[in-house]
Amino acid sequence: MIAKITGGKDTANLIRYLYDTKKKGHTDPHLVASWDGFAPDPGRTDDVDATKRALVADLDLHVKQADRLGRAPEKHVWHCSIRATKTDRHLSEDEWGDIARRIVAATGIAPEGDPDGCRWVAVRHAPDHIHIAATKVRADLRTARHWNDYLTADRELATIEKEYGLFQVVRGDRTAAKRPTRAEQEKAKRAGQARTAREHLRTTVRTAVAAATSAEEFLRLLEHTNGILVDIKHFPSGDVRGYTVALKGDVNAQQEPIWYSGSELSPDLSLPKIRKRLENTEPQHRPRRVNPWHQATAAAERIPHHLDREDDGAAQAHLAAFGEALDVLPLLAPHGVQPKLRQAAEAFERATRSRIQADHQHAHALRSAVRAMVREPAPRDGALLAMLLDAALLVVMAAARWHQLHQHDQQVVAAHQTLLHLQAAYEQTAAAPLTARAQRRPPQRVVERHILLVRQYVPEHAEQVLKGSDFDALAAVLAIAEEAGHDPKELLQLAADQRALDDARRPARVLTWRVERLSARPVPSDRARAAQARSAAQRPSMPTRPTPAAPATQAQPPQTRRR
């Protein structure tokens, strides 16, 4: 159920609207509840106009009394519409009446047991919704305290949904970006644009944040972005205090640009929050031989491990950094896959924030790798992108579980939507590189040796890894790595130990990309191999957070398996 609350100055206008049978969808308007159960009902009388006037007079009684004392609020009308979802059963008159009483009590309009509560009526003029009309002056002539009424009504509706067995609406935590208004959507539609100006600017700003290493560079990137107007705000001292952006050609009736501040685009895009995030994005000095795509993939593969630990602030920071990686991928990917990657980034944007404060001193490795990727030529071979997307799929699955554990309903849905877009982008990107590697299948005697290694080091997933054509690509990369001097046993063991393969529908592909990335490292010396073996034997296991089962009453998004 969804509530919408507004205010007004004229009780008569609201009652006239609620009982107007000429309006589309208004059939048989009548009361289902009122403040005392005896309010006159224009829908159940022959003299409709006279009864409307009587009902308005009753509702406005305390407003008139307070007005004589100069204590009546200017906007004294409180209007709340409550709508059931399309899949809900039709509720009875008594059920709607009970819902109305609970909402006015929860919001402070007419608290339960309070004889001085405000006067109100609940009108039903359609099967699936009611309207509550109230005046905000109490019988003791004080103004009702209904602060935060939308949230209190929404919480009460969540309880009502469970008790009545209705569809449980996915609710947010007030960290979502503001949706485009109806006017903005209609304006974009008339202009033939797929997205509104607000959505276009949000994507542009987020991409600039992901590519920048400082607030100053962020502003410079925005100023040099085609099609964007930027107005930088300064304090009297000359220091930068904020910014606004506008889309060229997006003007109001006076032909002036329509400006949006960062916080109007998204809660995390105000300049202070961007500056705080970028202060913790110090460039890391990488040896030139380290490929930033490999570094980003390795950092992404560690994110599920971070999400399993107890540090929620660090977990939230890693998700924010991963969101930045998705933001820049459309800039670096082949043209054909860019739309899916852009959709994935826009969907995951909702999963990058929650009420948990991100501790941005974490996730340095991924952030520095992303910024290095932006500053280097985009790779021609789709293998690097496929490798990163392969790891990204596991990250999104882990993010969905983490948000579900914290009951972040909207973020869970966003993660599942992201997964669908990423899967499509991965399939499109990985097909050619995997085929090319499978065509380099080594001789059968080498393949048989690799089969034994898979059974030894990946026993739980061996049958799944070995069946199908995907294993040919894995056998090829193992053989190539062995020719370069790597030990295939070590590579396979490292690849299997990096992260469990339980989420992977096609684990051979996961291992292929991991082995290829690991084999790009210099061949370790005998001394280095001995040190690695000792370190692995002595490394303690990290404590992880158990993942409880989701509550049975919670509406769950469809579970999507990987590739």
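Before anything else, one definition: a residue is called buried when its relative accessible area is under 20%, and exposed when that area is over 50%. With that cut-off in hand, we can look at histidine 408 in this model, which, please keep in mind, is a predicted one. Histidine 408 has a relative accessible area of 10%, and because that value is under 20%, it is buried. As for its place in the chain, histidine 408 is found in the loop between α15, which covers residues 383-405, and α16.

Let me step back to the whole chain for a moment. The secondary structure comes to 22 helices and eight strands, and the C-alpha atoms fill a box of roughly 95 × 55 × 45 Å when it is taken along the principal axes. Of the 563 residues in the protein chain, 50% are buried. If we take the contacts between residues at least 6 apart in sequence, 73% of them join residues at least 24 apart.

Now I would like to follow the chain on from histidine 408 into the helices, starting with α19, which runs over residues 470-483. How far apart should the ends of this helix be? At 1.5 Å a residue, its 14 residues should span 20 Å, and the end C-alpha atoms are 21 Å apart, which agrees with that expectation. This helix is mostly covered, since 10 of its 14 residues are buried, and among those buried residues are Phe471, Leu474, Val477 and Leu478, together with several alanines such as Ala473 and Ala476. What do the buried residues of α19 pack against? They pack against α16 (409-438), α17 (444-457), α18 (462-466), α20 (488-498) and α21 (507-519). After α19 comes glycine 485, whose phi is positive, near 110°.

Two of those neighbours deserve a longer look, and I will begin with how α16 meets α19. Their axes come within 7 Å and cross at roughly 65°, and the crossing in which α16 passes α19 is left-handed. On the α16 side, Leu434, Arg437 and Ala438 take part, and they meet Asp472, Ala473, Ala476 and Val477 in α19. As a general point about such surfaces, an α-helix has 3.6 residues a turn, so residues three or four places apart point the same way.

The second pair is α16 and α21, which pack at an angle of about 70° with their axes 12 Å apart. These two helices are therefore roughly perpendicular to each other. The contact is made by Tyr426, Glu427, Ala430, Pro433, Leu434 and Arg437 of α16, and by Arg509, Thr512, Trp513 and Glu516 of α21. This crossing, too, is left-handed. If we return to histidine 408 and compare its place with that of glutamate 516, the two are 108 residues apart in sequence and 36 Å apart in space, C-alpha to C-alpha.

Let us move to another part of the model, around α14. That helix is mostly covered as well, with eight of its 11 residues buried, including Leu366, Val370 and Met373, but also Arg367 and Arg371. What covers the buried residues of α14 includes α7 (197-211), α10 (271-279), α11 (292-307), α12 (312-332) and α15.

In the loop between α13 (338-348) and α14 (364-374) we find threonine 352. Is threonine 352 buried or exposed? Its relative accessibility is 5%, and for that reason it counts as buried. A polar atom of its side chain lies 2.6 Å from the backbone oxygen of glutamate 349. Leaving out residues up to four places away in sequence, threonine 352 touches Arg206, Asp268, Gln316, Leu319, Ala320 and Gly323.

I will finish with two loop residues that can be set side by side. Leucine 141 has a phi near 70°, a positive value in a residue other than glycine, and glutamine 255 has a phi near 65°, again a positive value in a residue other than glycine. Leucine 141 is found in the loop between β5 (129-135) and α5 (149-164), whereas the place of glutamine 255 is in the loop between β7 (240-247) and β8 (260-261). Which of our words applies to each of them? Leucine 141, at 16% relative accessibility, counts as buried, while glutamine 255, at 60% relative accessibility, counts as exposed.

Conventions: Residues are numbered from 1 along each chain as its sequence is written. This is a predicted model: local features need pLDDT of at least 70, side-chain atom pairs count only at pLDDT 80 or more; totals for chains, interfaces and linings use all residues. Side-chain values use heavy atoms; hydrogens and water are left out. Helices (H or I, at least four residues) and strands (E, at least two) are DSSP runs, numbered from the N terminus. Buried means under 20% relative accessible area, exposed over 50%, partly exposed in between (1.4 Å probe, protein chains only). A polar contact is a pair of N or O atoms within 3.5 Å; within protein, one must be able to donate a hydrogen and the other to accept it, and residues adjacent in sequence count only if both atoms are side-chain atoms. Contact means heavy atoms within 4.5 Å. The expected span of a helix is 1.5 Å times one less than its number of residues. Axes are lines fitted to C-alpha atoms, for helices over the stretch in contact, and angles run from 0 to 180 degrees between N-to-C directions. Angles under 35 degrees count as roughly parallel, over 145 as roughly antiparallel, 65 to 115 as roughly perpendicular and the rest as oblique. A crossing is left-handed if the near helix is turned anticlockwise from the far one by less than a right angle, and right-handed if clockwise.
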